[in-house]
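Let's take a walk through this model together, one element at a time. Have the sequence and the 3D view open side by side as you read.

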Amino acid sequence: MDPEIIEKIVQEMAAFTPDMGNIEGVPMLQNICNEWDTIHSFQARDGDVVVASYPKSGTTWMQEIMDFILQEGDVEKSLRAPCFIKVPFLEMAKTSLELANTMPSPRLLKIHLPVHLVPPSFWEKNTKIVYVARNPKDCMVSYYYFQKSDQTLPDPGPFENYFNVFLSGNVSWGSWFDHVIGWWKAKDRHQILYIFYEDMIEDPQREIRKVMTFLEKDLSEDVLQKILQHTSFESMKKNPMVNFSVLPNSVIDQSISPFMRKVSWGSWFDHVIGWWKAKDRHQILYIFDEDMIEVSYGCPNGVFMSSVFLIFFFKPSIVHFGQDPQREIQKVMTFLEKDLPDEVLQKIVQHTSFKMIKNMQTKGSCRVSL
Ligand code: PPS
């Protein structure tokens, strides 16, 4: 692989600023917005294959699996270039687009775009797309650490704020909820294989077989075993072609957080527990956000629903069960040493109800006077 191309991509990414813009209301890095017309008019070709996902959902894992399948398990070929060169990330950099345009077919391409922003030529060519979805809590924690280490993304700030930023969808590529549901609905109209990260952890062999069938590749059991071995967390973490260690600290500073942190689903739980333990040593008031349950409700798969049930499961053992905003607001008032009259408390309850805030957002106003 031409080292000049790597250098060109690195330089382009290092020049990214964390400024945000939006595309049709979806928050997006300003550098992506600047190139949007070119990205959106990208010309798909017959035989293209795409991996699509919300950020931090196991995209790199899936793209390695797909590349291995397309290379029929040839390890040497799979090591031909860093993953962002052999699988151009279409919306990320001008050089990626150029690379994709000059690559021989069949091409494997990566996007993080919500389904309604996909370049139309992919639908015209009936391109095969593998979409990977990961449960929102692990996605959020992974995204948080990535935003800390990826110098092209905005600084995520403290986690307790990031939680709400993520839930409101005010991160690059927008709302996790809109993303996974948008693609879920689209899968019945297009050639989309919808895969869950958690299923890949549970039984990678089964999920790789699904991808093989979708790509119409009938590979031997030996090849399947090779793919399994080379795309395991341990192998990929050590592989400089996929662990992003070829990128300098000015792009991804892995001393802050490694690209591949740990293999798990449910690592959000460690995070939550960490704060739970710290609360007795510091001035931390630990409150549970019920809104997450409301917005998660109705998600397409048991995996997402089970993450909701986990909250229920986790919650009753440590706090009183049952939604009681008044009680929680009172806790916050005591914590902040504010002894406000009942009338004010009622006003706060009323003006911070889900219904009220949702109405205010719809009307474009968020002002509450007490
Ligand atoms: S990106 O930057 O949006 O493209 O990131 P993405 O590749 O989608 O997601 C990164 C997370 O995927 C995990 N990952 C894996 N998990 C299990 N097995 C394998 N082989 C594997 N490869 C990557 C990676 O560790 C990131 O998750 P976290 O939770 O941050 O560790």
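Which residues of α4 are buried? Keep in mind that you are looking at a predicted model. The buried residues of α4 are Thr 59, Thr 60, Trp 61, Met 62, Gln 63, Glu 64, Ile 65, Met 66, Asp 67, Phe 68 and Ile 69. That makes α4 a mostly covered helix, with 11 of its 12 residues buried. From its first C-alpha to its last, α4 reaches 16 Å, close to the 16 Å expected at 1.5 Å a residue. If you follow the chain just past α4, you come to Glu 72, which takes a positive phi of about 55°.

Now turn to the ligand. It is surrounded by 21 residues, and the closest are Thr 59, Thr 60, Trp 61, Ser 142 and Arg 261. Three helices, α4 (59-70), α9 (136-149) and α15 (233-238), each supply at least two residues of this shell. The largest share comes from α9, with four residues. By character, the shell around the ligand divides into eight nonpolar, nine polar and four charged residues.

For the last stop, go back towards the start of the chain, to Glu 7 in helix α1 (residues 3-14). Is Glu 7 buried or exposed? Glu 7 counts as exposed because it has 11 C-beta neighbours inside 10 Å, and the cut-off for exposed is 12 or fewer. Glu 7 also has a partner from far along the sequence to look at: its C-alpha atom and that of Leu 247 are separated by 9.3 Å, although the two residues are 240 apart along the chain.

Conventions:
Residues numbered from 1 in each chain as written. Predicted model: local features only at pLDDT ≥ 70, side-chain atom pairs only at ≥ 80, totals over all residues. Buried ≥ 20, exposed ≤ 12 C-beta atoms within 10 Å, placed from the backbone. Near = placed C-beta within 6 Å. Nonpolar A, V, L, I, M, F, W, Y, C, P; charged D, E, K, R; others polar. Expected span 1.5 Å × (residues − 1).
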